[in-house]
Amino acid sequence: MTTLNRRTLLKLGALTLGASAVSACANTQHGLPPGVGVASERFTPDIELSLKALPGTAQILPGATTNTWSYQAQLQRGEASALTIHPNRFLGPHLRVKRGQKVRVRFSNGLPAGQVTNVHWHGLLVPDSMDGHPRHVIDPGQTFVYEFEVKNRPGLYWFHPHPHVLTGQQVYRGLAGLLQVEDDAATAATLPTGEFDLPIVIQDRLFDATNQLL
């Protein structure tokens, strides 16, 4: 039998608490609770896609290309119509979902150092942990998995970053996309489709003499 005196016992207790604290910090990103931002085995998506925020360039004005940030997306599960990528556009993509569908988005931050970010589903009825609150951001190189059921009525919504202080500049540089909710009733209404259905995004920009954003 080994006898422990009071001083040794306190030291062991401090080491245990320290190890526990380090372990807890290692399992969180900016204070995210364990289990938030990772794929759930109990969630079976109808639509699954990867979404990544990255620096890039775009031909906005004649002449030199403009340095921008944009979302790149790939559809991994679901109908092809769920994802539309508009060529030669730095905004987007355009997502189409139906009310009642379950959606999983694996979002990755590929922005420069210091640019924490996330995705806010503007106007959607989603759980707090999936809403892109400023406290739920990730660093460059990290991934956050969004999972939610579409509960909104048909309409045109949009998604964008929502980090504290950085939201404006990230949207200004190009991080924004459309999310269109549909259902059988809207389809039966025979609203204009195809070439007659034109989503329009109006934004303002200032450029310098070399076509770069001010």
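The second largest pocket of this predicted model has a volume of about 420 Å³. Beside this pocket, the briefing covers the largest pocket, with about 510 Å³ of space, an open sheet of four strands and the largest nonpolar core, which has 32 residues.

**Second largest pocket**

- Lining this pocket are 18 residues, and those nearest its centre are Gln180, Glu182, Leu191, Pro192 and Asp197.
- Two or more lining residues are given by each of strand S8 (155–160), strand S9 (177–182) and helix H3 (184–188), and the largest share, three residues, belongs to S9.
- Divided by class, the lining of the second largest pocket holds nine nonpolar, six polar and three charged residues.

**Largest pocket**

- Empty space of this kind is revealed by rolling a probe the size of a water molecule over the atoms.
- The largest pocket encloses about 510 Å³ of space, and among its 21 lining residues His86, Arg89, Leu91, Gly92 and Val201 are the closest to its centre.
- The lining of the largest pocket is made up of 12 nonpolar, seven polar and two charged residues.

**Four-stranded sheet**

- Strands of a sheet pair through backbone hydrogen bonds, in either a parallel or an antiparallel manner.
- The open sheet follows the order S2-S1-S5-S7 and has mixed pairing, with strand S2 (66–77) and strand S7 (143–149) as its edge strands, each of which pairs on one side only.
- Direction ignored, neighbouring strands of this sheet are turned against each other by 25° on average.
- Strand S1 (residues 47–58) and S2 run antiparallel and are joined by 11 bridges; in S2, Asn67 is the bridge partner of Thr57.

**Largest nonpolar core**

- In soluble globular proteins, nonpolar side chains tend to be buried together.
- Among the 32 residues of the largest nonpolar core, Leu51, Trp121 and Tyr146 are the ones that touch the most other members.
- The elements that each give two or more residues to this core are S1, S2, strand S4 (94–98), strand S5 (102–109), S7, S8 and S9, and the largest share, four residues, comes from S1.
- The strands S8 and S9 thus appear in two settings, since both give two or more residues to this core and both give two or more residues to the lining of the second largest pocket.

Technical notes
Residues numbered from 1 in each chain as written. Predicted model: local features only at pLDDT ≥ 70, side-chain atom pairs only at ≥ 80, totals over all residues. Heavy atoms only, no water. 1 Å grid on protein atoms, 1.4 Å probe; cavity = no way out; pocket = protein on both sides within 12 Å on 5 of 7 lines; lining within 4 Å. Points joined across faces, edges and corners; volume = space filled by probe spheres on them. Nonpolar A, V, L, I, M, F, W, Y, C, P; charged D, E, K, R; others polar. Pairing = 2+ DSSP bridges. Axes fitted to C-alpha atoms, helices over the stretch in contact; angles between N-to-C directions. Core = buried A, V, L, I, M, F, W, Y, C linked by side-chain atoms within 4.5 Å. Buried < 20%, exposed > 50% of the residue type's maximum accessible area, 1.4 Å probe, protein only.
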